[in-house]
Amino acid sequence: MKAIEADLKKEKLPPLAWYDVLLELKQAVGESLRPYELETRLLLAQHSVSRLIDRMEAKQLVQRQPCDEDGRGQVIAITEQGRTMQKTMWPIYRSSIKQHVGTKLTMCEAGTLAALLQRLLQPDM
């Protein structure tokens, strides 16, 4: 992860956690999530997500909006600048994964890892 972070930094791009937030929002229905949904998807503590969102909102990559279902709640939505940033970060991230992870695994090992990770994505029954 340090090597990937360094590659992003070298290109003057935001940290990897920002990419993760942008990707989760982009893939979500309505391109927005409640803060607790982001916490769950990112496996980060509430205070970490709050600070992360504050920094990203200051850069206009995300915005807080009122929640339709809960007048007191809010949703975090990706902005057009956020979509652009996620697209800008992906080629560097992809290349970094290939260099720092992909070159260290055989095709068989990569297949095994993919299968194991897929199992972790399956909902509990």
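**Exercise 1. Describe the chain as a whole.**

Solution. The protein chain exposes about 8800 Å². Carbon and sulfur atoms supply 57% of this area. Accessible areas here come from the Shrake-Rupley method with a 1.4 Å probe, and for residues only the protein chains shown count as cover. The model is predicted: local features need pLDDT of at least 70, side-chain atom pairs count only at pLDDT 80 or more, and totals for chains, interfaces and linings use all residues. Residues are numbered from 1 along each chain as its sequence is written, and side-chain values use heavy atoms, with hydrogens and water left out.

Next, take the extent. The C-alpha trace spans about 50 × 45 × 25 Å along its principal axes.

Then take burial. Of the 125 residues, 30% count as buried. Buried means under 20% relative accessible area, exposed means over 50%, and partly exposed lies in between (1.4 Å probe, protein chains only).

**Exercise 2. Which elements does the protein chain have, and how do they run from the N terminus on?**

Solution. Start with the count: six helices and three strands. Both are DSSP runs, numbered from the N terminus: helices are H or I with at least four residues, strands are E with at least two. Now put them in order: α-α-β-α-α-β-β-α-α.

Finish with the contacts (heavy atoms within 4.5 Å). Among contacts with a separation of 6 or more, residues 24 or more positions apart account for 51%.

**Exercise 3. Work through the ring pairs of Y19, W90 and Y93.**

Solution. A pair of aromatic rings is described by the distance of the centres and the angle of the planes. Rings of Phe, Tyr and Trp (its six-membered ring) pair if their centres lie within 6.5 Å; planes under 30 degrees apart count as stacked, over 60 as edge-to-face and the rest as tilted.

The structure holds three aromatic pairs. One of them joins Y19 and W90: the ring centres are 6.1 Å apart and the planes stand at 25 degrees, so this pair is stacked. The pair links distant parts of the chain, with Y19 in helix α2 (residues 16-27) and W90 in helix α5, 71 residues apart. Y19 is buried at 3% relative accessible area. W90 is partly exposed at 32%.

Now move to W90 and Y93. Their ring centres are 5.8 Å apart and their planes at 90 degrees, so the pair is edge-to-face. Both residues lie in helix α5, three residues apart, about one turn of the helix. Y93 is buried, with 14% relative accessible area.

Put the pairs together: they link Y19, W90 and Y93 into a cluster.

**Exercise 4. Is Q86 buried or exposed, and which residues does Q86 touch?**

Solution. Locate Q86 in helix α5 (residues 80-100). Its relative accessibility is 5%, so Q86 counts as buried. Leave out residues up to four places away in sequence; Q86 then touches Y19, L22, L23 and K26.

**Exercise 5. Which residues make the nonpolar surface patch of about 430 Å²?**

Solution. The patch is made by V101, L105, L113, L117 and L120. Patch residues have over 30% relative accessible area and no salt bridge; like charges are joined within 9 Å, nonpolar side chains (Val, Leu, Ile, Met, Phe, Trp, Tyr) within 5 Å. A salt bridge is a side-chain nitrogen of Lys or Arg within 4 Å of a carboxyl oxygen of Asp or Glu.

Check one member. L120 is found in helix α6 (residues 107-121). L120 is exposed, at 69% relative accessible area.

**Exercise 6. How many disulfides does the structure hold?**

Solution. Zero. A disulfide is a pair of cysteine sulfur atoms within 2.5 Å. Look at two cysteines: C67 is buried at 4% relative accessible area, whereas C108 is exposed at 61%.
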